[in-house]
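Reader: I have a new model open and would like to go through its strands and its charged pairs with you. Shall we take it step by step?

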Amino acid sequence: MKILKLTLISLFTISLVSCKKEAKVTDHSNDSLTAKKDSVVVPEIHKEYYGIYMGDFAGKEMITPEIGEEYEGDVYKKISLKINRITKDSVYGQSIVNGNQRPFRGVFNEETKSFVLDEPGNDKTDGRFEVKLNNDSLTGKWNAFNKSAVKAPLKTLKLIKKEFVYNPNFMLNEDSDLIDWENPKDFVEKYTDEETGKTETYTASKNRIASDAVFKINASKQKLTEKDLKNLRKLDMEIIKNSVFARHGYAFKKQTYRNFFEQTDWYIPVSNNVDKDLSPMEKDNVALLNRFIKYAEDKYDSFGR
């Protein structure tokens, strides 16, 4: 009789364990169905339109000349619009201008081949792009959301599709303007009047200038030494260093560097942080250049503009 009771208890226990295992299997099955439902991907369309469109961003602003009265004139900047993703309902991407990278979201009209793209609106420079696609070009306008917060609340765009490519051989053009127009410095100069022999002083505004060394030294291809840098001007080393970042598509906030690299046809700003893209040699060269830049001196001269 005891043997029979034990057998029944054993069978009952096995049955319970089996039921629990079945319940677990059923639960996992439901989880799997839920996961599949949550992971549904919205189909992308018109991938042929993905990419970077770069060109002029123009608007009317009040311009204050060094001599004369303030007047309204056209101011041209460079802008990049990067289309990352297009679905039936939405378009995603980013704009880059003045080194400022802003995401946007909008819609694409297949019939008119036009985009309406809105930046987030939480920055005073945000606005709406309304642009039309024609082969590999985008043309249209931008309107600021806060019209009183920017100098030119309405701007026009004329952009061409470009492909970003990193190439360590990229250099500034040898006919580039090597003057830093954005940071003039006043110097007190002396002169002697030939008639009276009296020495007078006056203040002259001068600009930093680079040398031809920026066309010869490539910090993306050669391991730099202290000997390579010891006789260079400060602006020389700044350009050589920032050429490394420009080749990787860094979006410069400083107008000085944008002025230099926008003179080339290869500079395409794609990101405001490219540190992870630098090669070990480039990182070493940048560190060495930073050490020398800290104590280097500039060469100034007088120029008209």
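Reader: Which side chain meets that of Asp74 in a salt bridge?

Author: Happy to start there, with the note that this is a predicted model. Asp74 sits in strand β2 (residues 71–86), and its partner is 14 residues apart from it, in strand β1 (residues 51–63). The N to O distance of the salt bridge is 3.0 Å, and the side chain that meets Asp74 is that of Lys60.

Reader: Is Lys60 buried, partly exposed or exposed?

Author: Buried would need a relative accessible area under 20%, and exposed one over 50%. Asp74, at 44%, falls in between and counts as partly exposed. Lys60 has a relative accessible area of 47%, so Lys60 too is partly exposed.

Reader: Thanks! Which residue forms a salt bridge with Asp126?

Author: Asp126 is in the loop between β5 (114–118) and β6, and the pair reaches from there to strand β4 (residues 100–109), 24 residues apart. Asp126 is buried at 1% relative accessible area, and its partner is buried as well, at 14%. The N to O distance is 2.8 Å, and the partner is Arg102.

Reader: Moving along the chain, how many bridges pair β6 with β7?

Author: Strand β6 covers residues 127–134 and strand β7 covers residues 137–144. They form a hairpin with two residues between the strands, where Asn135 takes a positive phi near 55 degrees. One of the bridge pairs joins Lys132 to Thr139 in β7. The two strands run antiparallel, and the number of bridges is eight.

Reader: And which residue of β8 stands opposite Leu138?

Author: β7 also pairs with strand β8, residues 154–162. These two strands are antiparallel and share seven bridges. In β8, the residue opposite Leu138 is Leu159.

Reader: Where does Glu238 lie, given its salt bridge with Arg208?

Author: The side chains of Arg208 and Glu238 meet at 2.9 Å, N to O. Arg208 belongs to strand β10 (residues 199–209), so this salt bridge ties together parts 30 residues apart in sequence. Both Arg208 and Glu238 are buried. Glu238 lies in helix α3, residues 234–247.

Reader: How many residues of α3 are buried?

Author: The helix has 14 residues and spans 20 Å from first C-alpha to last, close to the 20 Å expected. Just after α3, Gly249 takes a positive phi of about 85 degrees. The helix is mostly covered, and its count of buried residues is 13.

Reader: Which residues are linked with Arg208 and Glu238 in a network of salt bridges?

Author: A search of the whole structure finds 11 salt bridges. The pair of Arg208 and Glu238 is one of the links to look at here. The network also takes in two aspartates, and they are Asp180 and Asp298.

Reader: Let's stay with Asp180, then. Which side chain makes a polar contact with the side chain of Asp180?

Author: Asp180 is in strand β9 (residues 179–192) and counts as buried at 1% relative accessibility. A polar atom of its side chain lies 3.2 Å from the backbone nitrogen of Glu182. Leaving aside neighbours within four places in sequence, the contacts of Asp180 include Asn207, Leu235 and Phe260. The polar contact between side chains is 2.8 Å, and the partner is Thr256.

Methods. Residues numbered from 1 in each chain as written. Predicted model: local features only at pLDDT ≥ 70, side-chain atom pairs only at ≥ 80, totals over all residues. Heavy atoms only, no water. Pairing = 2+ DSSP bridges. Helix = DSSP H or I, 4+ residues; strand = E, 2+ residues; numbered from the N terminus. Salt bridge = Lys/Arg side-chain N within 4 Å of Asp/Glu carboxyl O. Buried < 20%, exposed > 50% of the residue type's maximum accessible area, 1.4 Å probe, protein only. Expected span 1.5 Å × (residues − 1). Polar contact = N/O pair within 3.5 Å; in protein donor to acceptor, adjacent residues only side chain to side chain. Contact = heavy atoms within 4.5 Å.
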